[in-house]
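Hi,

Here is the structure I said I'd pass on. Have a look at it first, and my notes on what turned up are underneath.

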Amino acid sequence: MRRALGLLVIIIIFSPYALSFFHGQGLSFDISYNDINVFAFTLLQAFLSSLASLVLGFIAALGLIYSANRYPVFYKWILRPSCLLPNVVPVIMVILASLKVIDPFPFGFTGILLLHTLMNLGIVALSIQKIVSNKLSGLSEVSALFGASRAQFLFRGGLQTIFGDLAMVGLFVFAICYSSFAIPLVVGGSQFTTIEVLIFEQIRLEGDWAKASFLALLQAISIFVLCYFIPQKIEATKESFRRNQYLSSRIGIPIALIPALIIIIGLFGSFSMGMKQFLRLDLLRAELPGQILNSLVVAIGTGLFSFLLFNLIAFVFYRGTLKKIILSYAAPSTVICGFAFLIFGPQGEVSSLIRMILGISLISVPALIRLQFANTIYSLERQREVAVLLGASDAEVFKRIIFPQSFFSACFLSGIASFWAWGDFALSSIVADRSHTVALVIQALMTSYRLELAVLLLWLLLICGILTFALFSGIGYVYHKKLIS
Amino acid sequence: MVMEKQKTSTFAILFALLPISLGLLIYWTSESGSENSNADLTIISYGSFVSSWGPGPAVGKIFEKEYGVKLQWINAGDAGLIIERLRFQNANQSVDVVLGLDQLTIDGAREVLEWRNFSYPEILWHKRLPKDALQRDFVPFDWGPLAFVYKKGQLDPPKSLEELLSKKYQGTISLQDPRTSTPGLQFLYWILSEKGIDAGFSFLGNLSESIHSISTSWSTSYGLFKRGQAKLTFSYLTSPIYHMIEEESGDYRAAIFEDGHPYQVEYVGIPEKCKNCDLAEAFVNFLLRPEIQKIIMAKNYMLPVVDQIEQGTEFANIPKVRLIPFSAQSLTRDRRSLLERWKKLGL
Amino acid sequence: MSTIKNLFLKFEEFSIDIGELELLDQGVTALWGASGSGKTTVFRTLCGLIDCPSLEWEFQGERLDQLSPGERRLGVVFQSLDLFPHMTAKDNIMFAAKARSISQEVANKDLEHLSEVLEMNRFLNRKAHLLSGGESQRVALARALISQPRILLLDEPFSALDRDLRLEARRLLNSLLQEKPIPVFMITHDSEDIDELATRVCRIEMGQITSVNDQA
């Protein structure tokens with residue numbers, strides 16, 4: 001059964017490629033010198049962006065630890081959600097807000113790095129906080145007792161200890177920046193093209209689906225190869241944090257807060273105009289509840305489907321090759337994924353919503369696996385071994401060992417996927433038939449001068465996103481509490 | 001024991017989810033035809049046209065009432081993606097009417113699909129609509145000159161392309177990338193047809209000092225302008241009317257260029273493979289009726305293609321500008337190399 | 001008699017080279033060696049957790065190496081004990097019984113007996129993550145034994161305990177083995193384990209068996 005489910009996982013995660021090749025009647029291997037340059041640039045910007053995110057994220061993580069120790073309420077309700085905010089707001093909003101707050105904005109290469117870092121710093125900080133708390137707390141206290149300074153500890157062994165974990169987080173950011181689309185185009189200027197832009201160009205301007213498919217495959221393979229050969233350290237992580245006085249820093253708090261502040265300040269201040277526009281649009285007012293409901297369906301659906309995928313993956317994860325494949329696989333190109341699903345199934349509202357659910361889940365899950373889920377299921381490896389030695393079947397091992405203990409993590413991450421689903425319009429706008437969801441309405445409002453109303457609805461979207469996230473992680477939390485008590 | 005039961009039931013739910021979702025998927029993919037297959041006419045267009053505040057629903061409602069039929073609107077999202085949507089539209093779903101292509105994209109549409117020729121009824125076309133806007137297989141339904149838009153008091157409006165190179169416009173212009181945006185492509189073609197290819201590119205190179213940013217879409221570049229980051233943006237001559245009507249603000253103005261303006265014509269077409277072709281043709285004719293043209297004008301903020309429609313409205317006050325006709329065909333043929341050169345400019 | 005043959009493994013930094021090793025049918029066969037001598041690798045290989053194509057392990061006429069880890073029917077206690085933290089002590093033990101399809105009736109009886117011998121009644125219904133080191137150790141032992149294993153494999157079973165608890169644990173294991181005379185294969189670096197439990201001592205150094213001594 002595990003073999004069959006393993007195959008199912010492979011089929012599901014590679015379905016966008018399979019569908020697009022099937023439709024594109026093959027691949028075009030026509031690669032120019034320029035395309036190679038684009039690849040090189042994409043790699044470079046992704047590498048530097050992830051490096052910058054790691055460095056600043058590390059300092060921010062020390063801030064998170066500091067505030068978790070000193071101001072737990074502020075940490076739980078303000079700082080932690082703030083860290084997640086830049087990753088869930090539609091990219092275009094991050095761009096508009098940043099250009100408003102950071103004035104003059106350093107366009108070009110620096111601009112790309114700056115925005116990628118702003119977007120990913122928070123989520124990186126949260127991950128590093130966990131790693132540092134789990135792995136460096138004891139070591140750092142010991143070296144403090146020996147009289148080593150914080151810098152001495154970090155540079156003479158501390159960082160080395162968690163190098164593998166940092167590489168995993170770095171790869172998560174790398175994969176996001178590698179397939180970045182809007183940021184390089186808006187703030188980079190025309191010479192800074194990424195592969196994702198190149199794919200989009202092939203489809204939109206040339207209608208050359210065969211080449212677009214090939215570029216998407218190359219994009220996927222290149223990151224796959226990279227991940228495959230970089231030793232990825234996944235290890236057991238404990239959920240509980242030790243209070244660590246030594247590895248914490250006040251300076252990290254503002255750094256962790258800056259990205260969210262930029263977005264909030266940048267998007268603030270057009271409420272009255274937005275309300276005015278809202279009151280003028282009777283039909284929108286009538287439609288909006290339905291669109292909120294559709295968005296809710298997509299968000300919950302994405303959460304559930306992601307949850308299913310996480311569990312399927314947890315079931316098959318322990319096969320050597322499959323584990324490597326899952327860990328090396330990055331989310332498919334949004335454009336390719338969108339068009340691949342467009343040709344799949346009938347048209348209509350329900351179908352559009354199903355496509356969104358499938359597409360957003362397939363894009364979100366690989367990133368979230370790398371971010372956390374791989375660690376969670378890897379931490380159960382020893383227990384799985386013991387259970388197998390005791391004679392338990394695969395199904396039994398999953399049902400009684402893996403599933404209950406990965407439930408919280410799967411719920412939490414499905415909650416993030418559902419949050420992303422509220423804000424998605426990159427994929428939705430390709431697969432949707434109409435403005436079914438709030439995000440698509442926001443996009444249509446932006447293309448018809450009504451930016452302020454779009455921003456107003458974005459706030460609505462954020463609140464709804466937080467609620468569904470809370471629902472998923474709440475279920476996980478309650479179950480987890482019951483499980484361990 | 002209770003805990004055990006709870007675990008088992010959660011587990012059961014999970015594994016019930018798997019066959020249920022697979023079953024749904026299989027049912028869904030095997031389902032032939034559209035969920036709205038009871039619609040008499042399927043129309044595909046771009047997002048803001050079919051949104052509730054756009055012209056689509058308003059116009060469609062009247063048509064449905066008058067003809068006693070049901071319309072199905074498909075939102076292709078971005079106007080530039082309509083052709084790709086057509087290419088990818090499920091084989092078992094035929095589209096009867098395609099609405100929203102422009103003079104730069106109809107050639108591409110002709111490569112993807114065959115289109116029905118159209119016999120124009122007796123129409124008094126808008127006097128200023130250039131004659132070359134009429135095609136045998138695509139019917140214009142609205143149009144508008146393109147122009148740089150600015151906010152009164154923020155800068156002296158430029159009066160020509162050359163003036164944009166001036167120091168006083170340094171870092172002020174928000175443009176769109178021609179690779180991802182139709183107005184962006186219009187801008188590039190405008191410069192190249194006005195100045196010639198080589199001189200055009202060298203002009204663009206010189207323009208880099210004046211450029212604030214180049215966005216992926218019109219909405220982003222207009223957003224940057226509206227939020228005050230850029231002082232000038234490439235948009236439509238009709239853009240200020242939106243602000244006047246919807247925001248009661250007379251601050252937004254279009255800069256009038258003495259040497260003329262490019263223009264965009266939006267078309268409606270009927271694919272040869274249409275399902276209900278007569279009704280599709282009736283719909284296209286319907287779009288050209290004066291009262292319908294008025295709705296499209298008012299909701300899309302574009303000029304009507306039929307004469308006299310804008311009389312008595314804000315649209316009548318639009319400055320009369322010289323229009324620059326350009327042959328999109330010759331440029332679209334070389335599009336790939338032109339965009340390569342654009343990229344190399346590194347703006 | 002149980003015979004292990006051709007346990008050859010090569011790694012980057014060291015190799016295991018065991019031509020033949022005989023395990024006793026009764027009593028404790030100990031694999032004794034310092035850290036890094038290859039004990040744990042041998043242990044994991046016998047469990048089936050490391051692939052070793054050359055291995056032949058014959059146990060009372062049956063080739064265990066040809067069976068999957070689960071089918072080998074081994075009772076295993078790792079150094080880290082590896083209890084399932086989300087289950088109670090009792091659930092941990094019964095998990096093994098259920099995995100081996102031992103009838104509820106027999107399992108309940110065995111559990112009762114084991115909990116008496118190992119003095120587990122106090123904490124049987126406590127979640128495993130709340131158990132002390134000594135308690136966890138007893139649960140791990142009971143879990144390994146309830147599955148009616150062919151052979152009990154112990155990997156440094158007492159190293160996590162303090163001295164008093166170690167003495168106590170050895171006493172409990174001894175009394176259990178007197179009641180249930182199944183073969184035990186234990187790896188350890190602790191000479192006290194050898195003195196008090198081992199019937200046969202196989203010394204391992206740098207992946208090779210350097211001596212085999214039977215003790216009275």
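**Between the two domains of chain B**

I'll start inside chain B: between domain 1 of chain B and domain 2 of chain B, 6 residue pairs are in polar contact, with both partners at pLDDT 80 or more. On the side of domain 1 of chain B that touches domain 2 of chain B, the residues split into 8 nonpolar, 2 polar and 6 charged. Despite those charged residues, the count of salt bridges between the two domains is 0. Keep in mind that this is a predicted model.

For orientation, the domain assignment puts residues 41-143 and 264-317 of chain B in domain 1, and residues 144-263 and 323-345 in domain 2. Contacts between them involve 16 residues of domain 1 of chain B and 23 residues of domain 2 of chain B. The C-alpha centres of these two domains are 25 Å apart.

How much area do the two domains of chain B bury between them? It comes to about 1800 Å², with 62% of that on carbon and sulfur atoms. Within domain 1 of chain B, the residues that lose the most area to domain 2 are B:Leu104, B:Gln264 and B:Tyr301, which together make up 43% of what that side buries.

**Where chain B meets chain A**

Now for the other interface. Here 78 residues of chain B are in contact with 84 residues of chain A. The buried area between the two chains is about 7400 Å², and carbon and sulfur atoms give 61% of it.

As for charged pairs, there are 4 salt bridges across the interface of chain B and chain A. One of them joins the side chains of B:Lys226 and A:Glu452, at 2.8 Å from N to O. The same interface has 8 residue pairs in polar contact, again with both at pLDDT 80 or more.

Which element gives the largest share of the side of chain B that touches chain A? That's helix H1 of chain B (residues 2-30), which supplies 15 residues. Taken as a whole, that side of chain B has 26 nonpolar, 33 polar and 19 charged residues.

**Chain B overall**

A few numbers for the whole chain: chain B contains 13 helices and 10 strands. It has 347 residues, and 60% of them count as buried. Looking at contacts in chain B between residues at least 6 apart in sequence, 77% join residues at least 24 apart.

Shout if anything is unclear.

Cheers

Notes: Residues numbered from 1 in each chain as written. Chains lettered and ligands numbered in written order. Predicted model: local features only at pLDDT ≥ 70, side-chain atom pairs only at ≥ 80, totals over all residues. Heavy atoms only, no water. Contact = heavy atoms within 4.5 Å. Buried area = accessible area lost by both parts, 1.4 Å probe. Polar contact = N/O pair within 3.5 Å; in protein donor to acceptor, adjacent residues only side chain to side chain. Helix = DSSP H or I, 4+ residues; strand = E, 2+ residues; numbered from the N terminus. Nonpolar A, V, L, I, M, F, W, Y, C, P; charged D, E, K, R; others polar. Domains from an automatic or database assignment. Buried < 20%, exposed > 50% of the residue type's maximum accessible area, 1.4 Å probe, protein only.
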